Amino acid sequence: MQNEDGDVLDGPNLTQDEGIRATTAQKLSQLRPSFQQDGTTTAGNSSQVSDGAAAVLLARRSVAKAKGLPILARYRGFAVAGVPPAIMGIGPAIAIPKVLKQVGLTIHDIDVFELNEAFASQAVYCIKKLGLDPRKVNPNGGAIALGHPLGCTGARQVATLLSALRRTGQKHGVVSMCIGKMESSVRAWQLMQDIVGTGMGAAAVFSLE
């Protein structure tokens, strides 16, 4: 790392992702369910809380060319879709068809899907609901393997997607995730004396240049 003056800063050397953990099927089977006593979601099949940093530069083509910046891909479109907060994890299953219709593509046109794995159960549901080829989904690992640093995941997915498309010579990719949030609304609090939750899915399409 360097500071603004160009001086090299001392710091820890990172040799592997922090999420790599040694485990076995037996250890995973002994983990307690996270949400319900008889549930199947555990710490072993959920995304990790981890640190991360990523950046994506989105620009007009004319500006990128004028500044001599490499154009990696074309941003085709973006869509969000609301879902009940209790099942916010299914959001990608609603948002992905919406954005594909918007850009004139189909499920079969997409070469790689970066589907954020908040939980294995919601990712599997979305794959089955949309009829996705599992080989096209998170081919380099998703949030369960790589981590889910909040505020970074979307950019990390885009970087992973574009690298995968370029490496394999493929063309179209989708980035998608569910969004669940509990927020206190002053007006709602006054009216309902309750906490309002939101649930939605988001999806974007990119085509490699």
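**View 1. Pro92, Ala93, Ile96 and Pro97 of helix H3 meet Tyr125, Cys126, Lys129 and Leu130 of helix H4.** Meeting here is a matter of contact, that is, heavy atoms within 4.5 Å. Welcome to a predicted model, in which local features need pLDDT of at least 70, side-chain atom pairs count only at pLDDT 80 or more, and totals for chains, interfaces and linings use all residues. Residues are numbered from 1 along each chain as its sequence is written, and side-chain values use heavy atoms, with hydrogens and water left out. Helix H3 covers residues 91–103 and helix H4 covers residues 120–130. Helices (H or I, at least four residues) and strands (E, at least two) are DSSP runs, numbered from the N terminus. The two axes come within 8 Å and cross at roughly 40 degrees. Such axes are lines fitted to C-alpha atoms, for helices over the stretch in contact, with angles from 0 to 180 degrees between N-to-C directions. H3 and H4 are therefore oblique to each other; angles under 35 degrees count as roughly parallel, over 145 as roughly antiparallel, 65 to 115 as roughly perpendicular, and the rest as oblique. The crossing of H3 past H4 is right-handed, a term used if the near helix is turned clockwise from the far one by less than a right angle, with anticlockwise giving left-handed.

**View 2. The whole protein combines seven helices and four strands.** Starting at the N terminus, its elements follow the order α-α-β-α-β-α-α-α-β-α-β. Of the 209 residues, 36% are buried, where buried means under 20% relative accessible area, exposed over 50%, and partly exposed in between (1.4 Å probe, protein chains only). The protein exposes about 13400 Å², with carbon and sulfur atoms supplying 55% of it. Accessible areas come from the Shrake-Rupley method with a 1.4 Å probe, and for residues only the protein chains shown count as cover. Among contacts in the protein with a separation of 6 or more, 68% join residues 24 or more positions apart.

**View 3. Cysteines can be inspected here, and the whole structure holds zero disulfides.** A disulfide is a pair of cysteine sulfur atoms within 2.5 Å. What keeps Cys126 from bonding to Cys178? The sulfur of Cys178 is the closest cysteine sulfur to that of Cys126, but at 7.4 Å it is too far for a bond. Cys126 is buried, at 1% relative accessibility. Cys152 is buried as well, with a relative accessible area of 6%.

**View 4. Ile127 sits in helix H4.** Its relative accessible area is 17%, so Ile127 is buried. Leaving aside residues up to four places away in sequence, Ile127 touches Leu115, Leu132, Pro134 and Val137. Phe113 is 14 residues from Ile127 along the chain, and their C-alpha atoms are separated by 9.8 Å.

**View 5. Asn138 has a positive phi, near 45 degrees.** Most residues other than glycine have a negative phi. Look for Asn138 in the loop between H4 and helix H5 (143–146). Is Asn138 buried or exposed? With 8% relative accessibility, Asn138 counts as buried.

**View 6. Ser176 belongs to strand S3, residues 172–183.** At 1% relative accessibility, Ser176 is buried. Which residues does Ser176 touch, not counting those up to four places away in sequence? They are Pro92, Ile96, Glu114, Leu115, Asn116, Gln157, Ala202 and Ala203. Pro92 and Ile96 also appear among the H3 residues that meet H4.

**View 7. Gly199 in strand S4 (residues 196–208) takes the centre of this close-up.** Gly199 and Gly82 are 117 residues apart in sequence, with 6.0 Å between their C-alpha atoms. Beyond residues up to four places away in sequence, Gly199 touches Ala81, Gly82, Val83, Pro85, Met88 and Ile179. Gly199 is buried, at 10% relative accessibility.

**View 8. Lys27 and Ala59 bring us to helix H1 and to the loop between helix H1 (25–29) and helix H2 (61–66).** Lys27 is in helix H1 and is partly exposed at 48% relative accessibility. Gly44 is 17 residues from Lys27 in sequence, and the two are 8.9 Å apart from C-alpha to C-alpha. Ala59, in the loop, is partly exposed with a relative accessible area of 44%. Between the C-alpha atoms of Ala59 and Arg74, 15 residues apart along the chain, the separation is 9.8 Å.
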